[in-house]
Amino acid sequence: MNQTSVSNYDWNSSLYQEKHAFVWKYGENLLQILNPQPNERILDLGCGTGQLTAKIAGGAEVIGIDSAPEMIEQARQNYPQLKFQVADAKNFHLSQPLDAVFSNAVLHWIPQADNVINSISKSLKINGRFIAEFGGKGNVESIIKALYNALENIGVKNAPNLNLWYFPSIGEYALKLEKQGFEVTYSYLFSRSTLLQDKDAGLANWIKMFCGNFFQGLSEEQKIMVIQDVEKQLKPKLYQEGNWFADYKRIQIKAIKIG
Ligand code: BEZ
């Protein structure tokens with residue numbers, strides 16, 4: 001196992017666990033596509049605080065990896081009986097080949113998709129499967145546009161350069177998989193308007209948790225101004241009856257390693 005930590009983000013694992021539980025709750029649907037079998041060896045890639053790793057672990061042998069040490073520490077506290085390691089999705093090595101790699105709500109954080117697919121391919125047996133869900137083309141488009149506008153309104157000139165998320169189309173991602181010896185047997189791009197917890201504070205919480213990149217170099221006062229501006233722009237579209245909703249668009253993929 002490659003032990004290097006390369007987390008580019010400063011994850012608050014308690015806030016993630018308490019206020020963003022929808023991240024793994026939605027992932028439960030992906031478990032049905034994974035369909036883990038007893039005695040299989042399965043990797044949960046980007047396991048966060050371990051909730052889905054624990055669900056996979058029914059009969060299978062499972063290991064969870066994440067690049068954020070804070071997440072792995074929390075996962076170990078939550079599930080001391082399971083195996084968790086800090087490792088980089090772009091460059092991990094496991095001692096024995098896997099039957100399946102599972103990944104929920106992680107791959108949009110890593111623009112170097114070819115490196116990730118290469119590591120996954122090397123870790124799988126022939127006929128092993130890769131099952132993933134992540135943000136697809138058009139994900140959180142309204143929030144991104146509102147952030148660019150709000151940043152420009154306070155004089156930030158290069159706002160789109162601050163966007164490091166990777167939200168590919170099905171075609172783009174399937175081609176990458178095929179180039180590295182996978183056969184794509186299932187793909188689905190769909191909208192999932194997602195309720196954000198904490199009523200009026202929902203969008204501000206989400207932005208504080210996930211949009212750190214856009215706030216580099218800003219003062220606390222500027223951050224508040226940006227968040228308030230984003231809320232004002234998005235209220236007509238993403239706020240309903242006291243709740244905020246994020247305009248998520250997801251990709252689900254199943255691919256088999258054939259070469
Ligand atoms: C997502 O799960 O699609 C996502 C989460 C945080 C930021 C951007 C996208």
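This report walks through a predicted model of one protein chain with a bound ligand, starting with the overall fold and moving on to individual residues.

## The chain as a whole

Let us begin with the broad outline. The chain holds nine helices and eight strands. Its radius of gyration is 19 Å, close to the 18 Å that the globule rule gives for 259 residues, so the chain is as compact as a globular protein of that length. If you measure along the principal axes, the C-alpha trace spans about 55 × 40 × 35 Å.

Of the 259 residues, 54% count as buried. The accessible surface comes to about 12000 Å², and carbon and sulfur atoms account for 48% of it. Among contacts with a separation of 6 or more, 77% are between residues 24 or more positions apart.

## Around the ligand

Next, turn to the ligand. Which residues surround it? The shell is made up of H108, W109, N139, W165, F167, W206, F210, Y248 and R250. These residues divide into six nonpolar, two polar and one charged. Two elements, α8 (202-210) and β8 (243-257), each supply at least two residues of the shell.

Three side chains in the shell place a polar atom beside an oxygen atom of the ligand, and the table gives the distances.

| Side chain | Partner | Distance |
|---|---|---|
| H108, N or O atom | ligand oxygen | 3.4 Å |
| N139, N or O atom | ligand oxygen | 2.7 Å |
| R250, polar atom | ligand oxygen | 2.4 Å |

Taken alone, the ligand exposes 260 Å², and the protein buries 97% of that.

## Two residues with positive phi

Most residues other than glycine have a negative phi. Two residues here are worth a look with that in mind. N127 is not a glycine, yet its phi is positive, at about 75 degrees. You will find N127 in strand β5 (residues 124-135). V140 also has a positive phi without being a glycine, with a value near 40 degrees. V140 sits in the loop between β5 and α6 (141-153).

Is each of them buried or exposed? N127 has a relative accessibility of 56%, so it counts as exposed. V140 has a relative accessibility of 2% and therefore counts as buried.

## Helix α5 and its neighbours

Helix α5 covers residues 113-123, and its buried residues are A113, V116, I117, S119, I120, S121 and S123. An α-helix has 3.6 residues a turn, so residues three or four places apart point the same way. What do the buried residues of α5 pack against? Their partners are the strands β1 (41-45), β4, β5, β6 (182-196) and β8, together with helix α7 (170-179).

## Two residues of strand β4

Strand β4, one of those partners of α5, spans residues 98-104 and includes S103. S103 is buried, because its relative accessibility is 0% and the cut-off for buried is under 20%. Leaving aside residues up to four places away in sequence, S103 touches L30, L45, I131, A132 and E133.

D99 lies in β4 as well. With a relative accessible area of 16%, D99 is buried. Its side chain and that of K125 are joined by a polar contact of 2.8 Å. K125 is also one of the residues that D99 touches beyond four places away in sequence; the others are N39, E40, R41, L124, G128 and R129.

## D66 in strand β2

The last stop is D66, in strand β2 (residues 61-66). The relative accessible area of D66 is 11%, so this residue is buried. Where does its side chain reach? It comes to 3.0 Å from the backbone nitrogen of A68.

Beyond four places in sequence, D66 touches G46, C47, G48, M71, I72, Q85, V86 and A87. As a final distance, D66 and S169 are 103 residues apart in sequence, and their C-alpha atoms are 24 Å apart in space.

Terms used:
Residues are numbered from 1 along each chain as its sequence is written. This is a predicted model: local features need pLDDT of at least 70, side-chain atom pairs count only at pLDDT 80 or more; totals for chains, interfaces and linings use all residues. Side-chain values use heavy atoms; hydrogens and water are left out. A residue is near a molecule or strand if one of its heavy atoms lies within 4 Å of it. A polar contact is a pair of N or O atoms within 3.5 Å; within protein, one must be able to donate a hydrogen and the other to accept it, and residues adjacent in sequence count only if both atoms are side-chain atoms. Accessible areas come from the Shrake-Rupley method with a 1.4 Å probe; for residues, only the protein chains shown count as cover. Helices (H or I, at least four residues) and strands (E, at least two) are DSSP runs, numbered from the N terminus. Ala, Val, Leu, Ile, Met, Phe, Trp, Tyr, Cys and Pro count as nonpolar, Asp, Glu, Lys and Arg as charged, and the others, Gly among them, as polar. Buried means under 20% relative accessible area, exposed over 50%, partly exposed in between (1.4 Å probe, protein chains only). The radius of gyration is taken over C-alpha atoms; the globule rule is 2.2 Å times the number of residues to the power 0.38. Contact means heavy atoms within 4.5 Å.
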